[in-house]
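This report introduces a structure to a reader who has not met it before. Please view the sequence and the model before reading on.

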Amino acid sequence: MSSIPLQTRLPRTCRISAIKQETEHVRTLTFEISLGARPGQFAMLWIPGVDEKPFSIAYDDGKHCKVTFFTIGALSQALAEKKVGDLVGVRGPFGTFYEWEKGQKLALLAGGYGAAPMYFVAKEAEKDRATLDVIVGARSKEHLLYLKELQSLSNTTLHIATDDGSQGFKGYNVQVLQSLIEEGKSFDQVFACGPEMMLKAVSDLTARHKIPSQLSLERYMKCGYGLCGNCVVDPLGIRLCVEGPVVKNETCRKITEFGKYHRDSVGRKHEF
Ligand SMILES: Cc1cc2nc3c(=O)[nH]c(=O)nc-3n(C[C@H](O)[C@H](O)[C@H](O)COP(=O)(O)OP(=O)(O)OC[C@H]3O[C@@H](n4cnc5c(N)ncnc54)[C@H](O)[C@@H]3O)c2cc1C
Ligand code: FES
């Protein structure tokens, strides 16, 4: 905790400079501030009197940062009502980030709003001349995110999977990765961000094929910097706001609750 500067731990009031409606329920807010974030890290967004919640940084170019969010409950509804020029409390960046080496062959799997941080990875990895296969998955084509942005990147092959087959492969993005591996395509690393059952499938597949992978795990977070203990996972007791959210697969596989259950704000267990 002490290694995280005070300025990072305290909320800054940040002005919204742009709002993009991505899909019916998903928006991207651009803030007039850089957090100096790396892909995979998150920020805590606070609306006084409503709540404070963690959100993955969707992009940070050193001048602005973005978050992409699904409108689902109190805080995200309140965020969705914000207009350009409004202020939001922002703390961060927090947590671990995806790591790669120059020129590596990477597969990136994105489910739901996980497409946002995966785009941030792809944009940065492009600068390192990485070769990328990005597999974006969603329930149906209306829910696919960041396709245009990903298509604009060099060295990137975009694959699409929808549960109902309305665009791209009919099925899960993990099945697309499995086919690529079985066709003989080799990857130095696989990164994934999305619903936990998708991450579990990526974990099993990459372990079976002995491909290193890094997965972004979500748990209920309150402080975001290791103080409250709300985000610890069984049986390791690691705090996912500090030792995560991006966790190497060898560690994920030691987390017995991974793919089974998570805890809410008061520690009650909920099965996936
Ligand atoms: C590290 C991390 C990064 C995150 N990044 C993002 C992000 O980039 N974009 C984003 O939209 N959200 C992200 N989240 C989730 C976010 O923090 C909130 O949980 C979410 O916005 C809901 O908060 P709320 O107050 O609007 O709804 P709540 O009132 O907390 O939830 C309303 C209902 O939705 C359920 N619910 C909450 N979150 C989810 C979910 N993710 N999927 C399905 N059901 C859910 C709750 O159980 C409850 O029933 C992230 C979470 C973590 C831990
Ligand atoms: S959210 Fe408080 S320790 Fe992780």
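## The sheet and the ligand shell

Strand β8 (residues 105-111) runs parallel to strand β12 (residues 189-193), and five bridges join the two. Strands here (E, at least two residues) and helices (H or I, at least four) are DSSP runs numbered from the N terminus. Within this pair, Ala107 has Val190 of β12 as its bridge partner. The model is predicted: local features need pLDDT of at least 70, side-chain atom pairs count only at pLDDT 80 or more, and totals for chains, interfaces and linings use all residues. Residues are numbered from 1 along each chain as its sequence is written, while chains are lettered from A and ligands numbered from 1 in the order in which they are written.

Seven strands, in the order β11-β10-β9-β8-β12-β13-β16, form an open sheet with mixed pairing; two strands pair if DSSP finds at least two bridges between them. Two helices pack on the sheet, with contact meaning C-beta atoms, placed from the backbone, within 7 Å. Angles run from 0 to 180 degrees between N-to-C directions of axes fitted to C-alpha atoms, for helices over the stretch in contact.

| Helix | Strands touched | Angle |
|---|---|---|
| α3 (residues 115-127) | β8, β9, β10, β12, β13 | about 160 degrees with β8 |
| α5 (residues 173-182) | β8, β9, β10, β11, β12 | about 145 degrees with β9 |

Around ligand 1 there are 21 residues, of which Ser56, Phe69, Gly73, Leu75 and Ser76 come nearest; a residue counts if its C-beta atom, placed from the backbone, lies within 6 Å. Strand β4 gives the largest share of this shell, five residues.
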